[in-house]
Amino acid sequence: MYHMQRRQKIQQPKLGVALIILNGSKVLIGQRKNLPMIDSWQLPGGWVFDDESEQQAGLRHLAFFPEIECSVLEFITWTNNRFEDGVHSLSLYYQTQCTNAKKVSLTLNDDCQNWRWVDWEDLPQKLFLPLKLLKSSGFVPGV
């Protein structure tokens, strides 16, 4: 007798970019205002749209901080993010050095509040899952 196994539909992960914007040894982080993980701390970034490359998405998210002058975005690594609510995403990390941090006023946007420069070794406790995974991987910015 032939048995058909029921196949579960595989949901493709969403693709996002995260920006490691350096100010010397400090990185720019903001506190999330939206789900998932409200109030957790994250790097600047967001989803990659269907009609853009990952680097174009990184530049688009960098444009949310129009005062920031920086070096070229350099791809660093990625994380595989599986959230408790079932959301699955991949985050691609691009690093750059801010060259005018003292002149930048960190404004709020719809996604995050409390933007600030913090030492990588002194990140707040409640980290957004992708940032938590990046930190636990042993990654050190600027190296």
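Where does methionine 37 lie? In this predicted model, methionine 37 sits in the loop between E2 and E3. Its backbone is a bit out of the ordinary: methionine 37 is not a glycine, yet its phi is positive, at about 60 degrees. As for solvent, methionine 37 comes out as partly exposed because its relative accessible area is 30%, and that class runs between the 20% and 50% cut-offs.

Right before it comes another backbone feature. Leucine 35 and proline 36 are joined by a cis peptide bond, with omega near -5 degrees. Proline 36 belongs to the loop between strand E2 (26-32) and strand E3 (41-42). For context, most peptide bonds are trans, and a negative phi is what most residues other than glycine have.

A positive phi also turns up inside a strand. Asparagine 114, a residue other than glycine, has phi near 55 degrees, and its place is in strand E7 (residues 112-119). Asparagine 114 counts as partly exposed, since its relative accessibility is 32%.

Glutamine 95 is a case of a polar side chain tucked away. This residue is part of strand E6 (residues 88-97), and it is classed as buried because its relative accessibility is 10%, with the cut-off for buried at under 20%. What does the side chain of glutamine 95 reach at 3.0 Å? The partner is the backbone nitrogen of glycine 142. Leaving aside residues up to four places away in sequence, glutamine 95 touches Ile20 and Leu22, then Val72, Leu73, Glu74 and Ile76, and finally Phe139, Pro141 and Gly142. Glycine 142 therefore appears both in that contact list and as the polar partner, within the 3.5 Å limit.

How values were computed
Residues are numbered from 1 along each chain as its sequence is written. This is a predicted model: local features need pLDDT of at least 70, side-chain atom pairs count only at pLDDT 80 or more; totals for chains, interfaces and linings use all residues. Side-chain values use heavy atoms; hydrogens and water are left out. Helices (H or I, at least four residues) and strands (E, at least two) are DSSP runs, numbered from the N terminus. Buried means under 20% relative accessible area, exposed over 50%, partly exposed in between (1.4 Å probe, protein chains only). A polar contact is a pair of N or O atoms within 3.5 Å; within protein, one must be able to donate a hydrogen and the other to accept it, and residues adjacent in sequence count only if both atoms are side-chain atoms. Contact means heavy atoms within 4.5 Å.
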